[in-house]
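Hi everyone, thanks for coming. I have one chain to walk you through today, so let's put it on the screen.

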Amino acid sequence: MQVLKFGGTSVANADNINRAVNIITESIKRDKTIVVVSALGGITDALLQCGTLAAAEDESYKEKLQAIELRHLETVKSLIPITHQSSALSLVKKRCNELEDICNGIFLLGELPVRTMDKIVSFGELLSSQILSARLTTLGVENVWKDSREVIVTDSQFGYATVDFDATSKRMHTFFESTNQSLFIVPGFIASDGKGATTTLGRGGSDYTAAIYAACVPAKTVEIWTDVSGMMTADPRLVSNAKAIPNISYQEAMELSHFGAKVIYPPTIQPVMDKNIPVWIKNTFAPNDAGTLIEKVASKNGNSIRGITSINKIALLSLEGSGMVGIPGFSKRLFESLSNEKINVILITQASSEHSICVGVEEAGAPKAKEAVDQAFDHEIKTGKVEPLIVEKGLAIVALVGDNMKSHPGISGKMFGSLGRNGVNVRAIAQGSSERNISSVIASVDVKKAINILHEEFFETTHKQLNLFIVGTGNVGSRLLEQLKQQHNYLLENLRIQVRVIGLGNSKKMYFNDEGLDLNNWKQLLQEGENMDLKKFVSTSRSKNLRNTVFVDITANQEVASCYDGLLQKSISVVACNKIACSSPFVYYKKLKNLSREYNAPFFFETNVGAGLPVIGTLNDLLRSGDKVNKIEAVLSGTLNFVFNNYNGERKFADVVKQAQDEGYTEPDPRLDLSGTDVMRKIMILAREAGEKIEMEEIQNNAFMPASCMQGSVEEFYKAMAKEENHFKKLYQEAASVGKKLKFVAKYEYGKASVGLQHIDTSHDFYHLYGKDNIVLFYTDRYPEQPLVVKGAGAGAEVTASGVFADIIRAASA
């Protein structure tokens with residue numbers, strides 16, 4: 001004998017029922033078969049609603065009943081040829097009339113006992129199973145319809161009855177031994193008590209019905225036919241890359257189903273486990289898919305974790321007080337008070353100090369739980385030995401499940417480390433001594449993020465997903481987007497990183513796509529987006545709550561820089577090309593560094609100093625390895641170096657500056673470069689990274705630009721420079737006449753910093769610095785005379801974008 005069970009989606013309409021029929025006709029070729037049938041999809045909820053409306057004396061229940069009747073009649077008409085319809089239609093009509101009579105009685109009484117509710121909801125399975133039986137008969141497939149209430153015996157706990165397996169086994173043996181038929185169609189979910197009153201086995205009880213038949217007959221195998229191809233490593237509605245689990249043990253399946261996996265009803269496992277009957281989870285809509293096999297010992301999959309699951313709408317109840325320490329009986333009284341109110345405890349955790357005990361329950365039962373517990377500990381609360389029960393709502397449980405976790409060190413660390421790095425706060429933790437389950441209580445809003453984080457950590461051998469929110473699409477920003485597009489496949493294949501741009505914005509527009517923007521078409525998409533609202537852009541990057549999120553700032557905007565602290569506090573990494581934050585008052589700079597550490601959110605700003613050059617990274621490596629920086633000398637402006645390398649008095653100074661701007665080497669306003677302000681910011685950032693507490697006003701700036709050039713608009717600036725050509729020519733000639741070059745040099749030594757134009761002779765490292773190159777000399781305890789030199793292109797959109805790109809990849813690896 002084999003048992004097949006078809007869920008609500010598998011029999012939701014005529015087309016789906018025909019799919020089930022095809023599966024049944026193939027299955028009966030193998031062995032005698034019992035087919036357990038759920039109600040048509042959605043009918044149980046509709047029946048519950050009818051009863052509730054009738055009890056509330058709301059006559060709209062009649063319309064609901066008519067809709068239920070019509071749906072079943074239409075299903076019959078679609079499945080059964082017109083010449084054979086009369087008996088099936090008559091059966092549906094008879095059942096629906098009986099249902100209507102019950103609801104009318106409820107309406108008159110204005111009340112709905114649980115016993116009557118069981119009677120009402122039983123009609124769903126009675127109707128669907130008889131329709132399926134009729135369909136098979138019209139196809140010439142002999143079958144026997146059997147009312148499960150005649151063979152499954154329970155107690156009288158209506159709504160969630162307990163099966164009497166001894167009595168049920170006797171009835172089943174008597175029935176099945178009395179017939180030679182090979183196919184039996186039975187309704188799931190329903191049973192009867194010793195007096196013959198209809199009972200139900202709990203929502204999802206049709207799975208349980210299948211297990212009961214299998215255990216009592218007994219059967220060789222059970223097949224649960226549903227709308228997914230087996231149990232999954234995570235809920236596919238939450239994790240797009242969830243994978244089917246080919247094999248799983250009974251214990252693992254029970255853990256997953258108890259903690260929210262909807263594929264199988266939790267009580268289903270116990271009866272088949274006791275008889276060692278294998279269970280298959282199969283897909284009605286893809287019958288050739290392998291599915292999941294549940295058996296005593298599952299084959300190893302090379303992974304310690306079998307699956308990840310969750311339960312939402314959890315409340316955490318905390319009983320605390322100094323009067324609990326060392327006093328036996330508190331736990332007993334707590335659980336007793338909850339048990340008396342029939343409140344199920346899902347999770348338990350207690351501190352070893354005995355100062356508190358914490359339990360997780362369904363959120364709906366929390367008010368009743370508080371009332372019961374506070375009453376049970378009324379004396380202790382009044383005397384101050386115990387605090388009133390603390391109730392926290394809006395929580396969920398996320399659990400890792402796997403037999404192979406036992407004695408496998410590092411699983412918990414990996415779990416909580418990955419959650420912590422992504423800003424998911426864990427409120428409580430529980431793990432049984434079997435080590436088959438590690439549960440954590442988190443905020444409900446973090447469930448999707450947490451499950452994706454854990455799935456990526458434990459199951460994604462292919463790639464890590466990186467979600468970017470980018471502000472700024474100018475020269476550097478557009479180059480970065482081009483580089484991201486160009487390197488997409490390389491990153492996926494070689495670094496196993498999938499980079500997705502979820503949000504993109506500039507000064508005018510912003511655009512979001514949860515699946516990632518098409519970088520081939522980003523300009524058009526951005527143009528079609530909504531008007532830019534920086535507060536909304538930042539709040540969206542936070543509220544989407546995606547794992548491995550990086551906020552990328554490629555602007556020179558003060559307002560954007562002021563948002564970093566709020567992002568870091570949400571464990572969102574920040575990559576800043578924008579120098580404003582790190583050159584702002586030291587208090588804010590330090591705050592950002594501290595938040596980065598506190599919330600495990602990388603804050604990288606390599607391009608603040610040397611475009612794509614590894615200047616800050618090198619400095620940090622020196623300090624981390626125990627070296628001490630004593631002096632820094634640097635040419636930090638690619639713009640100024642380009643200008644002075646190309647100015648020889650023959651072309652106007654203003655023309656050389658314009659060339660630098662046209663080639664993308666300058667800031668939008670070149671005066672930031674020529675005034676030395678930009679270089680001041682850079683040397684200050686390096687000094688701060690070296691451990692110095694320093695502000696902008698403490699840096700000496702030996703400026704070379706005439707005051708007349710620093711007024712008005714950029715256009716007026718160029719005109720003023722042209723008028724001051726003799727000034728610039730004189731600066732050049734003074735250096736050239738003694739065989740030296742002009743370089744704008746930044747210097748940090750013994751806590752002091754300065755910037756200014758200097759004459760550089762041929763023996764200096766700066767003399768042979770060409771084009772737009774930058775150079776940084778680090779004099780340290782380990783490099784006292786011959787400095788560590790970092791040299792290369794220090795300006796240009798392409799190299800700056802590559803520096804931002806490198807920081808993004810570093811953030812992914814942090």
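Let me start in the strands: β1 (residues 2-6) pairs with β8 in the parallel sense, over five bridges. Helices and strands here are DSSP runs, numbered from the N terminus, with H or I of at least four residues for a helix and E of at least two for a strand. Two strands pair if DSSP finds at least two bridges between them.

Before going further, a word on the model. It is predicted, so please keep in mind that local features need pLDDT of at least 70 and side-chain atom pairs count only at pLDDT 80 or more, while totals for chains, interfaces and linings use all residues. Residues are numbered from 1 along each chain as its sequence is written, and side-chain values use heavy atoms, with hydrogens and water left out.

Back to β8. Within the pairing to β1, Leu4 has Glu223 of β8 as its bridge partner. β8 also pairs with β10, again in the parallel sense and over five bridges. There, the bridge partner of Val222 is Val279 in β10.

How many of the six residues of β8 (residues 221-226) are buried? Six of the six, so the strand is largely enclosed by the rest of the structure. Buried means under 20% relative accessible area, exposed means over 50%, and partly exposed is in between, with a 1.4 Å probe and protein chains only. If you look at the side chains, Thr221, Glu223 and Trp225 point one way from β8, Val222, Ile224 and Thr226 point the other way, and all are buried.

Now follow the pairing onward. β10 (residues 279-283) pairs with β11 in the antiparallel sense over three bridges, and Trp280 stands opposite Leu293 in β11. β11 (residues 292-295) in turn pairs with β9 (residues 247-249), this time in the parallel sense and over three bridges. In that pair, Ser249 stands opposite Glu295.

There is another sheet I'd like to show you. It is an open sheet of three strands in the order β4-β6-β7, with mixed pairing. β4 (153-154) and β7 (198-200) stand at the edges, each with a single partner strand, so one side of each is left without a neighbour in the sheet. β6 (residues 190-193) and β7 pair in the antiparallel sense over three bridges, with Ile190 opposite Thr200.

Next, some backbone details. As a reminder, most residues other than glycine have a negative phi, and most peptide bonds are trans. Ahead of β8, the peptide bond from Val217 to Pro218 is cis, with omega near -10°. Pro218 sits in the loop between α7 (205-216) and β8.

Then there are two residues with positive phi. Lys342 is not a glycine, yet its phi is about 55°; you will find Lys342 in the loop between α10 (330-340) and β13 (345-350). Ser571, also not a glycine, has a phi near 60°, and Ser571 belongs to the loop between α19 (564-568) and β23 (573-576). Which of the two is buried and which is exposed? Lys342 is exposed, with a relative accessible area of 75%, whereas Ser571 is buried at 7%.

Please scroll along to Val629, which is found in β25 (residues 629-635). Val629 counts as buried, at 9% relative accessibility. Its C-alpha atom is 6.8 Å from that of Phe778, although the two are 149 residues apart along the chain. Beyond its neighbours within four places in sequence, Val629 is in contact (heavy atoms within 4.5 Å) with Leu619, Leu623, Ala690, Tyr779 and Thr780.

Finally, let's zoom out. The chain comes to 29 helices and 30 strands. Its radius of gyration is 36 Å, well over the 28 Å that the globule rule gives for 814 residues, so the chain is more spread out than a compact globule. That radius is taken over C-alpha atoms, and the rule is 2.2 Å times the number of residues to the power 0.38. Along the principal axes, the C-alpha atoms fill a box of roughly 120 × 70 × 55 Å. Buried residues make up 54% of the 814. And among contacts between residues at least 6 apart in sequence, 71% join residues at least 24 apart.

That's my tour, and I'm happy to take questions.
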